Amino acid sequence: MGHPWWYILYNVAIWAVCFLFTYSKVRNGRAESLITTRDDKRGIKFLFVLFLMYSLFTFFGGDNARYEYFATEDYLDTSRDFRGIEPLYAFIAGFVGGNFLLWKLVVYGVALLTTYLTLKRLNALNFVSLFAFTLYALVSYGTTRGVLAYSIYLLGITFISSPKFILKLLGVLFAIVSISAHSSMMLPVFLLPLMFLKLDRGKIWIMILMFPLLLLLFNQLYPYLFTNQDLLDTQTGYKLGVYTEEADTVGTGSSLLLSLRLVLDYVAIIMGLYYSLKADSKGLLPKAVTYSVRIVFFVFYVAMLIRFSNMQGGEFISTRYVTLIPFLLYVSWPFMLNKKSVFTKQSQNIFVAISILNTAVLLFMLTYYSYLGR
């Protein structure tokens, strides 16, 4: 804490190197093949080292300063109301003796290792997946603990898609464990059974047309959440109370820059979901990625119900769920990019350009606000 504002250029520079390196591979048409040559394997190792270096040393906002205080001192305080962080991270802090660098190494090192294993299991350890990871996920590494939960959940889905029953059980266990890494994962875990529902165009249109009716139903039912003491006693219930009772202080922001970033985020996510669903309808996605895309659709649907409901703080809560979507969606990229049945050349260029612009605006915003807060 207390670093000069320009230290953020360290993170910007690493992100830029990862982006340019993966983008050059994608542009050269080598992205769809598995990593087989020695140079390619070295390139993958190089990227993951950069990902880790980005995560360990973070010089901009997010929750980094809060995590540093938590991992060095606050983890000794057992008051959940004070910290709002899952007990898993207090355990890790105690395990590493309150060393913040080691705490980050465990949290983000495990998240990256899990990501590596997930891509291996998907047969998608290539430069397209890492290009998408750079665009969709990398910026959050080092500043949010949620990435550990997302990576565990995604690995769980790869096991659920296995034909072996014991591996399916292991996958469900991984998904449930992800809640201990971030309480927001309770919704994706709750939605797991819906991954087996095939989302063709007809079903999607039915759900869109039913949205007003389901919104009315949701407005009638959500107040009962706040009368369920068992839920309120959980970490999820605690945060739900904070987000609704303090909606004015945890909002998404109203500046022009923040608004632009939010619009771009929604556009990039909606486009990514649309093309992923299209690829799924064409039979281009492996089963695990299909499951992930379906869950993303239902997470987005529920988030929109919350967004347009009467729930206090609904806009903020829905945004929280929408912003976890890219971490589950980026794995569809290797199976749909450069597929003529999914994209025209123009639509693909627009999709990739918006995804790049979205992250570029975020990095500019982080740098700008770091400068203002110098």
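Alanine 93 is buried, with a relative accessible area of 0% in this predicted model. Its place is in helix α5, which covers residues 87-95. Leaving out residues up to four places away in sequence, Ala71, Tyr75, Gly98 and Trp103 are the residues that alanine 93 touches. Glutamate 73 sits 20 residues from alanine 93 along the chain, and the two C-alpha atoms are separated by 9.0 Å.

One of those contacts, Trp103, leads straight to the largest nonpolar core, where it is among the residues that touch the most other members. This core has 119 residues, and Phe51, Tyr89, Tyr141, Tyr153, Phe297 and Trp333 share that description with Trp103. Helix α15, spanning residues 287-307, gives the most to the core, putting in 15 residues. As a general point, nonpolar side chains in soluble globular proteins tend to be buried together.

Phe51 is a handy place to look at the packing around one ring. Setting aside residues up to four places away in sequence, phenylalanine 51 touches Cys18, Leu112, Leu130, Phe133, Thr134 and Leu138. Threonine 134, one of these partners, belongs to helix α7, residues 127-136. Like alanine 93, threonine 134 is buried, at a relative accessible area of 0%. With neighbours within four places in sequence left aside, threonine 134 is in contact with Trp15, Cys18, Phe19 and Thr22, as well as with Phe51. Cys18 therefore turns up in the contacts of threonine 134 and also in those of phenylalanine 51.

Helix α8 is another piece of the enclosed interior. It runs over residues 146-160, which makes 15 residues, and reaches 21 Å from its first C-alpha to its last, close to the 21 Å expected at 1.5 Å a residue. Since 15 of its 15 residues are buried, α8 is largely enclosed by the rest of the structure. Tyr153 of the core, named above, falls within the residue range of this helix.

Now for the aromatic rings. Across the whole structure, a search finds 36 aromatic pairs. In one of them, tyrosine 7 and phenylalanine 59 have ring centres 5.2 Å apart and planes at 85°, so the pair counts as edge-to-face. The pair links distant parts of the chain, with tyrosine 7 in the segment before α1 (8-27) and phenylalanine 59 in the loop between α2 (38-56) and α3 (64-72), 52 residues apart. Neither ring is fully tucked away: tyrosine 7 counts as partly exposed at 29% relative accessibility, and phenylalanine 59 is also partly exposed, at 21%.

Phenylalanine 297 and phenylalanine 298 make an edge-to-face pair too, because their ring centres are 5.3 Å apart and their planes are at 80°. Here both partners count as buried, phenylalanine 297 at 8% relative accessibility and phenylalanine 298 at 6%. Phenylalanine 297 has already come up as one of the best-connected residues of the core.

Elsewhere, ring pairs link Trp15, Phe19, Tyr23, Phe131, Tyr136, Tyr274, Tyr275, Trp333, Phe343 and Phe351 into a cluster. Trp15 and Phe19 in this cluster are also contacts of threonine 134. Two arginines lie over ring faces as well: arginine 121 over phenylalanine 159, at 3.9 Å from the ring centre, and arginine 307 over phenylalanine 308, at 5.3 Å.

Turning to charged pairs, the count comes to four salt bridges. One joins the side chains of aspartate 200 and lysine 203, at 3.4 Å from N to O. Both residues are partly exposed, aspartate 200 at 31% relative accessibility and lysine 203 at 32%.

Another salt bridge brings together arginine 261 and aspartate 265, at 3.5 Å from N to O. Both residues lie in helix α14 (residues 256-281), four residues apart, or about one turn of the helix. This time the partners are buried, with arginine 261 at 16% relative accessibility and aspartate 265 at 9%.

Helix α14 also takes part in a salt bridge with α15. The side chains of aspartate 280 and arginine 294 meet at 3.7 Å, N to O. Aspartate 280 is in α14 and arginine 294 in α15, so the pair ties together parts that are 14 residues apart in sequence. Aspartate 280 and arginine 294 are both buried.

How values were computed
Residues are numbered from 1 along each chain as its sequence is written. This is a predicted model: local features need pLDDT of at least 70, side-chain atom pairs count only at pLDDT 80 or more; totals for chains, interfaces and linings use all residues. Side-chain values use heavy atoms; hydrogens and water are left out. A nonpolar core is a set of buried Ala, Val, Leu, Ile, Met, Phe, Trp, Tyr and Cys residues joined through side-chain atoms within 4.5 Å. Buried means under 20% relative accessible area, exposed over 50%, partly exposed in between (1.4 Å probe, protein chains only). Helices (H or I, at least four residues) and strands (E, at least two) are DSSP runs, numbered from the N terminus. Contact means heavy atoms within 4.5 Å. Rings of Phe, Tyr and Trp (its six-membered ring) pair if their centres lie within 6.5 Å; planes under 30 degrees apart count as stacked, over 60 as edge-to-face and the rest as tilted. A charge sits over a ring if NZ of Lys or CZ of Arg is within 6 Å of the ring centre and within 35 degrees of the ring normal. The expected span of a helix is 1.5 Å times one less than its number of residues.
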